[in-house]
Amino acid sequence: MAKGRIRRKLLKSHLYTFCLYPGAAGKAGQSVGGPGFSRIVHCNEPQMHSQKPFKYRANDISTTKYSFLSFLPKGLYEQFNRVANLYFLGCAIASLTPLSPFSAVSMIAPLAFVVGLSMAKEALEDWRRFMQDMEVNSRKVKVHTGEGAFNKTAWQNVRVGDVVRVEKDQFFPSDLLLLSSNYEDGICYVETMNLDGETNLKAKRALEVTLDLDEDEDFKNFKGVIKCEDPNPSLYTFVGNLEYNGQVYAIDPSQILLRDSKLRNTAFVYGIVIFTGHDSKVMQNSTKSPSKRSRIERKMDYIIYVLFSVLLVISLISSFGFAVEIKYNMPEWWFMRPQQADEYYNPNEPVTSGISHMVTALMLYGYLIPISLYVSIEVVKVLQASFINQDILMYDEDTGIPAQARTSNLNEELGQVDTILSDKTGTLTCNQMDFLKCSIAGTAYGSSSSDIELAAEQQLTNDHVNKVELEAVVSSLGEKDHKSPIKGFNFEDSHLMKGNWLREPKVEDIILFFRILAVCHTAIPELNEETGTYTYEAESPDEGAFLVAAREFGFEFFQRTQSSVIVREKYTASGKPIDREYKILNVLEFTSKRKRMTVIVRDEDGQILLMCKGADSIIFDRLSKDGRLYQADTTRHLNEYGEAGLRTLALAYKKLEESEYSAWNTEFQKAKTSIGADRDIMLEKAAEMMERDLILIGATAVEDKLQKGVPKCIDKLAQAGLKLWVLTGDKMETAINIGYACSLLRQGMKQICIQANDSDSIEKIKGDILKQINNGLQTIKDEKDPYAAFAVIIDGKTLAYALEDDMKHRFLDLGVQCASVICCRVSPKQKALVTRLVKEGTGKTTLAIGDGANDVGMIQEADIGVGISGVEGMQAVMASDFSVAQFRFLERLLVVHGHWCYKRIAQMICYFFYKNIAFGLTLFYFEAFTGFSGQSVYDDWYMLFNVVLTSLPVISLGVLEQDVSSEVCLEFPAIYQQGPRNLFFDWYRILGWMGNGLLASLIIFFLNIVIFYNQAFRIGGQTADMTALGTTMFTCIIWSLNIQIALTMSHFTWIQHATIWGSIVTWYLFLAVYGALSPDISGNAYQILVEALAPAPMYWTTTLLVAITCNLPYMAHIAYQRCLEPMDHHIIQEIKYYRKDVEDQHMWNREQSKGRQKTKIGFTARVEAKIRLLQSKMHKKQ
Amino acid sequence: MSSNTPSSSAGGVGSADSSAPRRNSKRPKYSKFTQQELPACKPILTPRWVISAFILVSIVFIPIGVVSLFASQDVVEIIDRYETECVPQDFRNNKVSFIQSDANKTCTRRLTVTKRMKQPIYVYYQLDNFYQNHRRYVKSRSDSQLKDNSSWNDVSSCKPEDDSNGQPIVPCGLIAWSLFNDTYNFSLNNQQLAVNKTEISWKSDRDSKFGNDVFPRNFQNGTLIGGKSLDPTVPLSEQEDLIVWMRTAALPTFRKLYGKIERDLQPNEVIHVTLENNYNTYSFNGKKKLVLSTTSWLGGKNDFLGIAYLTVGGLCFFLALSFTVVYLVKPRRLGDPSYLSWNRNPGGQ
């Protein structure tokens, strides 16, 4: 490399000992060219791929359901897949024949409206998906366009074989072969959070032969051929080879950059496009999002079936009656000219006539099946969804993202959630670490007691449990997002800050502690030119937090060269900053197996130092005899930190003699350069040799920063009776830490850890796991203490066995009986499997919430999937049904919107059935009086009008009804339980409503006909004809239904008033207008209101009589129920109504705290547990 | 492999953190509607409301019931069922053949006025078991033809009574064809009692639905004669019997207006009715009744309405009473938290 670069080059690979070395290279490439391995990529010659056989899919992606062409046929097919729609389609077709009891228009118009509206909604949703695709497809990336020039090109135009240059923090546009990076040795870091949810960066390394290609000009004449596997969904394998300069090089997964992962800590990389668009691994992994339907809607289907059966039965009765009439009576009805009857009324063929009449009857009574129900529900849900979208209290000011209901199908399902399955990183936590506390040389530093202890103490001092204060503490928790100006540092202790540590005892140890923080890492500093401070690009956020902390304490790491780390020490005895350079001799980096990291450095004095940080148990095992001076104190501190949910690491060091080191180093180098399967073991052994006889110096506590308001939200959700399972890709320790931080775990909770032993045979492992599960169940059974709480913690490997068919139900039993369940290191697939297990095993509604692509499976599998928006990857959001910017919004989404939507939809559907039964059955009764001929007593247009008009009040009910206000919903999370218990949509209630409808239909019909059948209804002596009777009956129906809905509502805004009164007034207006139309259109309804009915007192008195009588039973029922068996929301409505909550605050607060569901997780439960503990201690003392 | 070139410069790395400017454009706009905070009245069903509602209903309903009953009592109604008696004894076993024969169908009836009847006295005929509401029957008419002379041949909906020997029938259809053709002549003390047969139909029907330029054509000249024939010189708008008949009744038992007697009748006066018993209700065992009735402001004699009102009013009164009792016996303080579910099932805490 003779060009004399100014760009700093680092051989990052020298920092690594364990990873990055291809484990078994050479295995690859053998199968290339065979079946399944046919792909050939001509590097830098994308034009080669413009025709067959090398023409591969383009890089644009499409997640839409329809295309422009397929929309109409496919959309129509989907619509008529619904039984009810199909039925209406049949009716619409039959309405063109003489069989129809109604005019064709009045049958077709509502269907067209309903289907049209649903399809418009589909189109809109698909359009949104299309726009999202467009957004992704039009992202820009630099592509080599020849002659060494790179131009920005939209993603969708990237072709196979293109050379692309991806820059820092950009996503890869497709699956790439890494050629080179800004680092000399071709290393780059990628963040694969979108793929697997893991937050730590992964290093990728280019092939050595392509390392030279690290400038734009180098690609002028670059040529090569890649032969590799066909597109497949496996993220962790890749088989292929690169032919370059006449030689063949094997490619393995560490050279492959996957689409949707992101370049981090690396200025740029060059890569060749291998798989594009839907061929890329991530797209191959994506599954079609299943269409979900809510529980209520599925139950509604059953009701529709019930109604269909009723419809069939009455149609059968009707046809039978018709056939009988035709056969026996029709011949005598000379006025109908039976001799000249057509096939539909032929007395000689009663069976044929009866069968054809069946069609008529099915159409006539079709009003039992509420065609407007579907469309009303769609309208209501869209409006409800827009309320969710518009809710300011679910708008995140920081990211500027509001909550979004991405599908409106599941609004009411939000009110019935029983179990929440949550991802951790990015959902509960921000993936940001803050240095919070530390323990140096046996002294703890950092702000003192934890919030939980504070709250418990506060409560104890008050004699009575005062909810207000607890509330205050809990809410302060949310707000206590210490406005720390420095990201990653949240430390408050004047003893250490601003160089004050110089005055502490054991200052030597403190200096050493800070030096370890500043030196023992693999990060790279970066100067922020605006502020003049350094930021660090670290592999894990913990490391970044350490470096920031070290900087704040006065040990600023500011430069890394190939072989050294330079730290500026601000506070020295002399008072002048000193730069100290540490020669890095070896780095034994962190892996999840080792759980520790060691650097061996030579300081300026020539002293060789080993610095080590790692999990406390690992470090404690490796201490020397005299290195345990601080162990007792440190352990105590570590326990405290652990209880507070902090992530801890212990720090240790040792001084090495030159000879000792060099002896070890030769051994180590030998291991490092060895090739073969036992290389790892040898390295491991070598490292083990060095990392012992350490001297403990202290420990750090880093806060895995929870997202704003998470503990409070979990607390509330727990009080609402929801169960929370945490499924995380992170390791067990981290997961447990977060468990503590979120109050899912607490001191005194019995943790049932289920872990499998790696080495045993499968049979033995399974037996072992089963035994552990059974033991757990037994322990729970034997537990006498009612306050005892249990938690299950299980890791991914074990889970794989526990999820097998023979064991999963035992596991589920255990999980259900425990207060909290934490699954760690689970793969995306396992997340989905656990979700399915809970969903199918308990039969209750599950909600999955997550932010990354690794949560997609779970989000799709759960009854409701919620995505956290605001993070960059959109996969989770794209797959989700709802998206919120922060976990904390879940509380409002469920407890307020969910509760409301559930009740609204439930009431609305019940009312719809009532309405249609009340209306539809009157048609049936009338049939019995017309010889079952299929004549409707109502004008066709009344029916059509009914569909539209009486739907509006129901829609206003479905959109605006509130049993209690949003504040009360939040104050009494227990009210939420009405949803999961399904109090408002059980068969008892549904049948009750149907019975009410039946009663109403009887009252409406028989009162009317008895009053009107033969007597004059006017002073002028006129008798009522069919139109007059029909219109009066219809008026009665309009009034009865509207009074009924008014009785159902408990919340009247002007909109409800407008729709209810509007519906009544419009009916009269309609009658007047319809009657004023030419008799060609209005027929017998011509002038019906103005001339015939309105002047007749009989018309009005009948309306009054019927409308009131219809509603008496319901009125008596609700009055009785409210009086003797009031439900929770009734009482709360009354309390609010009489302002008792203001007058008797004490009672109000007491009820709020009593109304909580019995829960063992969450902050409040934890405080209570603490109080019990302290109380029992006090008793003992006395 | 490549040479190690540590360099002092730290350029080339890093791009400014892309902290995009806050996009507040997505912030939902506040409005009371979108935040679901519209002012609302939230009435609740307190015992007071329940009782007053029931009381109110009974207070309104009972008087209405009483008033309607009185109105109904004021109506005097004379009903005479004549379909059997107007068949000569020897035809009683085979009434159908009588009605289809050419025999003299004149029949005389005597009606005694029970109470004073104030004019106008409405004359109705009431048929029974006659399915005027049958779909086949109801559909068999052509409104456009009735209304407008120009569309006189629009008979497509009138089958099977659409044409006669290829000539469109006006008015076509089964309804018109089966027009009721019994006639009544009243005499009191051997004096002709005039029956006014005008304005017995809806004015709107005469004005707008039955054209004054539409005259009967080819009516009842087919092989089968249904009911009454129409005078081809009188426009349909003046054929009020037809207009009334064409308003199909809702139920198989119905009354239709025949005419008005515009004279008071005194108690014990005897009216002689000479009627032509032409209409065949015998094939389907239908009854025929002649009805003379006065009306009240509420219409005809309709006790049911009043009784229904009284019943519902009484029921409401009873409900009000029972709720009062319930509230007294088992009072529940409104908003009493002890009724909350978690306080009622002590398992919750």
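Contact here means that heavy atoms lie within 4.5 Å. The exercises below concern a predicted model.

**Exercise 1. Determine where Tyr249(A) lies and which residues beyond its neighbours within four places in sequence it is in contact with.**

Solution.
Step 1. Locate the residue: Tyr249(A) belongs to strand 10 of chain A, which covers residues 247-251.
Step 2. Set aside the neighbours within four places in sequence and apply the contact cut-off; Tyr249(A) is then in contact with Leu207(A), Val209(A), Gly240(A), Asn241(A), Leu242(A) and Tyr244(A).
Step 3. Compare sequence with space for one further residue: Ile226(A) is 23 residues from Tyr249(A) in sequence, and their C-alpha atoms are 9.4 Å apart.

**Exercise 2. Identify the strands that the salt bridge between Glu243(A) and Lys227(A) ties together.**

Solution.
Step 1. Establish the pair: a salt bridge links the side chains of Glu243(A) and Lys227(A), with an N to O distance of 3.2 Å.
Step 2. Assign each partner: Glu243(A) is in strand 9 (residues 240-244) of chain A and Lys227(A) is in strand 8 (residues 224-228) of chain A, so the salt bridge ties together parts 16 residues apart in sequence.
Step 3. Place the pair in the whole: over all chains, the structure holds 65 salt bridges.

**Exercise 3. Describe the interface of chain B and chain A by its contacts, buried area and salt bridges.**

Solution.
Step 1. Count the residues: 120 residues of chain B are in contact with 128 residues of chain A.
Step 2. Turn to area. The size of an interface is often given as the accessible area lost when the parts come together. Between chain B and chain A about 11,100 Å² is buried, and carbon and sulfur atoms give 60% of this area.
Step 3. Find the leading contributors: Gln36(B), Arg135(B) and Trp202(B) supply 8% of the area that chain B buries against chain A, more than any other three residues.
Step 4. Add the charged pairs: the rule finds four salt bridges across this interface. A salt bridge also joins Glu397(A) to Arg27(B), where the closest N and O atoms are 2.8 Å apart.

**Exercise 4. Characterise the linings of the largest and the second largest cavity by residue class and by contributing elements.**

Solution.
Step 1. Count the cavities: the structure holds 13 of 30 Å³ or more.
Step 2. Take the largest cavity, which holds about 140 Å³ of space. Its lining includes Gln1022(A), Thr1023(A) and Asp1025(A) together with Trp202(B), Asp205(B), Arg247(B) and Lys256(B). Within chain B, helix 7 (240-246) and strand 9 (254-261) each supply at least two lining residues. The classes are five nonpolar, three polar and four charged residues.
Step 3. Take the second largest cavity, with a volume of about 110 Å³. Among its lining residues are Tyr87(A), Phe88(A), Met107(A), Leu111(A), Met363(A) and Ile371(A). Helix 2 (83-94) and helix 3 (104-137) of chain A each supply at least two residues, and helix 3 of chain A gives the largest share, four residues.
Step 4. Classify this second lining: 10 residues are nonpolar, two are polar and none is charged.

**Exercise 5. Locate the cis peptide bonds at Pro120(B) and Pro171(B), and the positive phi of Asn190(B).**

Solution.
Step 1. Gln119(B) and Pro120(B) are joined by a cis peptide bond with omega of about -5°. Pro120(B) sits in the loop between strand 2 (106-112) and strand 3 (121-127) of chain B.
Step 2. From Val170(B) to Pro171(B) the peptide bond is also cis, with omega near -15°. Pro171(B) occupies the loop between strand 5 (167-168) and helix 5 (174-177) of chain B.
Step 3. Asn190(B), a residue other than glycine, has a positive phi near 65°. The loop that holds Asn190(B) runs between strand 6 (183-188) and strand 7 (191-193) of chain B.

**Exercise 6. Set the "transmembrane region" annotations of chain B beside the modelled secondary structure.**

Solution.
Step 1. Read the record: an unreviewed UniProt entry places the feature "transmembrane region" at residues 49-71 and 307-329 of chain B.
Step 2. Examine residues 49-71 of chain B: the span is 100% helix and 0% strand, and its end C-alpha atoms lie 33 Å apart.
Step 3. Examine residues 307-329 of chain B: this span is 100% helix and 0% strand, with end C-alpha atoms 32 Å apart.

Definitions and conventions
Residues numbered from 1 in each chain as written. Chains lettered and ligands numbered in written order. Predicted model: local features only at pLDDT ≥ 70, side-chain atom pairs only at ≥ 80, totals over all residues. Heavy atoms only, no water. UniProt positions renumbered as here; feature names shortened; annotations may be inferred. 1 Å grid on protein atoms, 1.4 Å probe; cavity = no way out; pocket = protein on both sides within 12 Å on 5 of 7 lines; lining within 4 Å. Points joined across faces, edges and corners; volume = space filled by probe spheres on them. Nonpolar A, V, L, I, M, F, W, Y, C, P; charged D, E, K, R; others polar. Buried area = accessible area lost by both parts, 1.4 Å probe.
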